[in-house]
Every structure is written in structure tokens, then in C-alpha cells.
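This report introduces the structure shown below to a reader who has not met it before. It begins with the protein as a whole and then turns to a surface patch and to selected residues.

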Amino acid sequence: MNFYHPLAFWLGCIGITLGVLSQIPMFLHAAPMGYHMAGMPMSTTMLVGMALIPLGLLLSGYGVLPRLAELRHQHESHLQFHIADRVPLNAEHWKLVIVLWVAVTVDVMKPATLGFVMPGMASEYQLTSQSAGALAVVALTGTTVGSVLWGMAADRFGRRAAILLSALMFIGTAICGAMPSYTWNLIMCFLMGLSAGGLLPITFALMAESIPAKHRGWLLVALGGLGTAAGYLVAAGSATLLEPTFSWRILWLLGLPTGLLVIFLNRYIPESPRYLASKGLNHEARHVLARFSGNAHQDSEVVVEPEPESAPGGFGELFKAPYVGITLGLITAGVAWGLVNFGFLLWLPTNLHALGLAEHANSLVAQSAFFALPGVALVIWLYHHWSSIHTLTLFSVLTAAALLIFALCSLFGWLTLPVLTVCTALLLTSASGIIAMLIPYASEIYPVHLRGTGAGIVAASSKLGGIGGTLLGVSGLLDSLTASALVIATPLFGAALLLGRNGIDTRGLHLEDIRRAMRRKTQDSVKS
């Protein structure tokens with residue numbers, strides 16, 4: 001699907017790029033001082049460049065966003081497409097998977113970079129630990145808000161448009177690396193999170209609507225697991241190679257080339273055929289289907305069926321039948337995962353120091369992470385061959401069980417190094433499994449007019465849990481290993497209960513059949 005106004009879109013891209021590049025001369029000027037820019041006055045060139053970025057975003061938005069009047073008019077046809085689900089994976093599918101993997105990697109890279117940026121930033125700006133911690137909270141708040149807003153935008157304006165605009169905003173926030181004051185860094189970090197938070201849920205929504213049903217589940221989970229791993233590796237590799245020479249600021253400036261990579265690959269990012277059909281753009285939907293189906297694009301594989309008018313969609317519909325139960329379960333699991341990842345695991349080395357195990361703290365987490373790597377393959381296999389919802393429920397229970405083992409061993413003084421290694425590996429494996437399945441399952445379970453919003457809210461819940469975990473750690477409420485493990489295990493058990501009661505197995509089902517299965521499950525529950 002082409003741009004509605006190509007010239008406007010590309011002029012906007014050029015404006016944003018020039019806006020970021022205008023910050024580079026001042027950055028290079030600070031090279032003799034070790035790239036320390038704290039307290040430096042902002043030049044006229046920098047200010048003009050900062051003004052170019054929002055103007056470029058508006059121009060690109062005009063170029064890529066569809067005509068709302070056209071969508072409202074054509075939506076009256078109420079047609080729903082079934083994608084060619086029986087078509088085998090082909091080159092077009094794999095191109096899409098690779099491009100979306102790049103987008104997920106870029107999305108994960110930014111929050112992963114926080115840990116490498118904070119020491120250098122704290123040193124340059126002379127920050128206290130509380131002030132430095134504010135950066136993580138602000139960034140996570142941005143990703144939380146961004147996940148929700150961009151998810152809603154994807155349902156209203158399309159998956160492709162939302163991906164490209166969030167990537168452009170991500171490019172613009174690369175100027176965070178040249179900001180001379182900590183206040184400006186906080187502002188730009190929030191905006192960076194706002195942009196990066198949108199890529200993750202939208203990419204999963206687009207992929208769920210474009211991949212044949214037989215391969216959808218395992219590819220979604222693999223995309224999440226491998227994209228997350230790649231994001232952390234890119235962040236760590238960039239910090240190792242570039243930070244010693246160019247300081248922590250270069251890690252933020254990398255937003256320019258990585259974001260541009262997503263933009264340059266836009267030709268391989270089609271609009272979702274299901275989204276197009278839901279808006280009545282049937283000709284465009286058939287064109288995308290033909291692109292993925294090739295010679296197999298036949299009437300028996302691409303069906304157009306009338307469907308009653310659906311609800312207008314939006315945040316509120318997620319909390320009504322038949323989705324309220326599964327929405328609460330997914331959100332609870334997301335918040336609990338955030339508490340585990342940004343709370344318990346982040347403060348685990350500190351608690352081990354307090355227990356007299358300081359010499360093993362860092363090596364323990366590294367060794368446990370290595371042992372947990374095969375867990376990703378296990379999650380993919382179980383999700384594809386056993387049951388999507390049962391696998392997600394199982395890993396929620398396993399994560400809670402790992403926390404309970406931590407609590408018991410800490411309470412009775414059994415925390416030897418072998419026990420700690422096993423417990424930490426189990427916790428990392430099970431927690432990684434939750435986040436690898438959480439957004440993919442949300443992308444499958446919701447209907448087309450809610451898919452972006454639903455996936456966005458579920459993605460936001462994990463960041464919300466991260467904010468909670470960070471605040472609990474800074475306030476000292478996670479200093480007790482036993483108490484923190486017991487408290488965080490509670491919502492995990494609650495999530496497992498909600499997921500088990502309200503979820504369905506999505507393996508191999510058409511997305512439209514999943515919608516009908518959710519309705520039947522609700523009706524059966526009411527009758528019983």
C-alpha cells in the first residue's frame with residue numbers, strides 16, 4: 001500500500017533527519033572534553049533543528065495517514081476478509097517477519113540501553129541515586145503511555161501508518177544524546193519511551209493478521225523471544241564498542257540510524273489486509289492478499305463474508321464481555337512480570353550483598369541467564385504443539401513457584417550458591433516465557449477493531465509493573481528477599497487463575513474463529 005501523499009511523507013522524513021543532524025556539531029565540539037556537554041548553551045542551529053522535528057512529524061503524518069472521511073464512508077460495506085490461511089509460508093511472509101524482527105529489536109534496544117546510560121549520565125550531571133532513578137521511571141512512563149496511544153492509533157489509522165510514525169518520532173528523540181541539561185534529558189527520554197512503546201504491540205498485531213494460522217503462534221512467540229534477545233545484545237554491544245570512545249551520549253544518538261533502518265524497509269511493511277477490510281477498503285485488502293498468496297490466491301482460500309456491524313471499539317470494550325476476563329488476566333500477568341523483572345530481579349544483587357553473598361552476585365545472574373536460554377525454545381514448542389493459553393498459565397505458575405522457593409530458602413537459611421543458581425535460572429526462564437507469550441497472545445485473542453488497542457494495553461501493563469517495581473526498590477520495600485518474593489508471587493497466582501478461566505487455545509485457528517470461540521465461551525459461562 002502506497003503513501004497517500006508520498007512527497008509530504010519523505011519531506012517530513014528529511015526534516016526530522018536534518019533536525020537530528022543539526023545537533024551533531026555541538027556534540028563533536030565537546031569531544032576534547034570527553035563529550036561532556038552539561039551546562040553548555042544550546043546553539044541557534046540546535047534550536048532550529050529541534051523545531052524542524054515536530055514540523056517533520058506533522059508533514060509525514062499528513063503523508064501517511066489515511067483519509068478519515070474515506071474510511072468512514074467505505075466502512076458501511078461491513079465486509080470481513082479471511083486471509084489465505086492455508087497458504088504455506090513464502091518469501092513475502094519471511095520478508096515481513098525479518099522487517100518486524102528489526103522493528104522489535106529497535107524497540108527493545110532503547111529501554112535496554114538505560115542501564116548502560118545511567119552511570120555516565122549520573123557522573124556528568126552529578127546526580128544522586130534518586131535523581132538517576134527518576135530517568136528510568138520517566139522512560140518507563142513514556143513507554144506505558146506510548147503503548148496505549150499507539151495501539152489505539154493502529155486501530156484507527158492502520159498498522160503500517162502507526163509503525164512508520166512511531167519510528168519517525170523515535171528518530172527525532174535521538175537528540176536526547178546532545179541535550180546539555182538533565183531536565184531536557186528527562187523530557188526527551190519520556191518522548192523516546194512514548195515513541196518506542198508503540199512499535200512492539202503494533203508489530204505483533206500486523207504479524208498476527210498477515211501470517212497463516214498454522215504458523216502464526218510459534219512465529220509470534222519466536223519474534224518476541226528473538227527480538228528481545230537481539231535488542232539486549234545490540235544495546236550491550238553498542239555500549240561496549242562505542243561508549244568508551246564517544247561517551248554515553250552516543251547510545252541515544254544511535255536512534256537516528258536504527259530508526260531510519262525501519263523507515264527504509266517500509267516497502268516490505270504492507271498494511272494489514274484484515275484492517276483494510278474492516279474499513280471497507282476491499283480492493284486494497286485483496287491486493288495485499290494476492291501479494292502474500294501468489295499463485296495460490298484463489299476464491300476457496302480468500303473468502304469475503306458479510307458480518308454484522310461491530311462495536312466502535314476502544315478502551316472500554318476490552319472490559320466488557322466477552323473480553324473482560326481475559327483482559328484482566330493479561331494485564332495482571334503483565335504487571336506481575338514488570339514487578340519481577342524491574343523489581344525482584346533488578347534488586348536481587350543488592351539483596352544478595354546484604355546476605356553476605358556479594359562475591360557471587362553478578363556471576364550468579366549471568367550464569368543463570370545462560371542456563372535459561374533454552375527456555376525460549378521450550379516456550380515456542382509448547383505454545384505451538386500443546387496449548388497457547390495453558391502454556392501462558394503454566395509459566396505464570398512456574399514464576400510464582402520460583403518466587404516461593406526463593407522466599408522459603410531465604411526464610412530458613414538455605415540460600416547456598418547451587419540453590420541460588422537453580423532458583424534464579426528457573427525464575428529467569430519462567431519470567432522470560434511470560435513476556436515472550438503475553439503480547440503475541442493478546443494479538444491473537446482480540447478482534448481486528450480492538451487488536452492494536454488490546455495489544456497496546458497489555459504491553460503497557462508490563463511497563464506499569466516496571467514502574468511499580470522501580471519505585472518499590474528505590475523506596476526500600478524490596479530490601480527483604482522473603483517479603484518481596486511473597487508479595488510479587490500473589491498477583492502471578494491471580495493472573496494464572498484469570499487466564500485459565502477466561503482464555504482459549506488459539507493454535508491453528510483463524511483469527512475470525514477465535515472471535516467466535518470467545519463469544520461461545522462467554523455464552524456457555526452464562527448458561528452454567
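## Overall features

Of the protein's 528 residues, 56% count as buried. The model is a predicted one. Its secondary structure consists of 21 helices and two strands. Among contacts between residues at least 6 apart in sequence, 84% join residues at least 24 apart. About 21,000 Å² of the protein is exposed, and carbon and sulfur atoms supply 69% of that area.

## A nonpolar patch on the surface

Leu7, Leu11, Ile14, Leu18, Leu21, Val48, Leu52 and Leu59 together make a nonpolar surface patch of about 690 Å². Two helices, H1 (6-21) and H3 (44-64), each supply at least two residues of this patch. The largest share, five residues, comes from H1. Val48, one of the patch residues, lies in helix H3. Why does Val48 count as partly exposed? The reason is that its relative accessibility is 48%, and the partly exposed class lies between the limits of 20% and 50%.

## Two residues in their surroundings

The table places Val48 beside Gln23, a residue of the loop between H1 and helix H2 (24-29).

| Residue | Relative accessibility | Class |
|---|---|---|
| Val48 | 48% | partly exposed |
| Gln23 | 0% | buried |

Gln23 counts as buried because its relative accessibility is 0%, and buried means under 20%. The side chain of Gln23 is joined to that of Ser22 by a polar contact of 3.0 Å. When residues up to four places away in sequence are not counted, Gln23 touches Met46, Gly49, Met50, Ile175, Ala178 and Met179.

## A buried acidic residue

Glu243 is placed in helix H9, which covers residues 213-246. Which side chain of opposite charge is nearest to Glu243, and how far away is it? That side chain belongs to Arg249, 10 Å away. Glu243 is buried yet has no salt bridge; a salt bridge would require a side-chain nitrogen of Lys or Arg within 4 Å of a carboxyl oxygen of Asp or Glu. Leaving aside neighbours within four places in sequence, Glu243 is in contact with Phe116, Ser238, Trp248, Ile250 and Leu251.

## Summary

In this predicted model, the nonpolar patch draws on helices H1 and H3. Gln23 is buried and lies in a loop, while Glu243 is buried in helix H9 and has no salt bridge.

How values were computed: Residues numbered from 1 in each chain as written. Predicted model: local features only at pLDDT ≥ 70, side-chain atom pairs only at ≥ 80, totals over all residues. Heavy atoms only, no water. Patch = residues over 30% accessible without salt bridge, like charges linked within 9 Å, V, L, I, M, F, W, Y side chains within 5 Å. Areas by Shrake-Rupley, 256 points an atom, 1.4 Å probe, with all protein chains shown as cover. Helix = DSSP H or I, 4+ residues; strand = E, 2+ residues; numbered from the N terminus. Buried < 20%, exposed > 50% of the residue type's maximum accessible area, 1.4 Å probe, protein only. Lys, Arg positive; Asp, Glu negative; His and termini not counted. Contact = heavy atoms within 4.5 Å. Polar contact = N/O pair within 3.5 Å; in protein donor to acceptor, adjacent residues only side chain to side chain.
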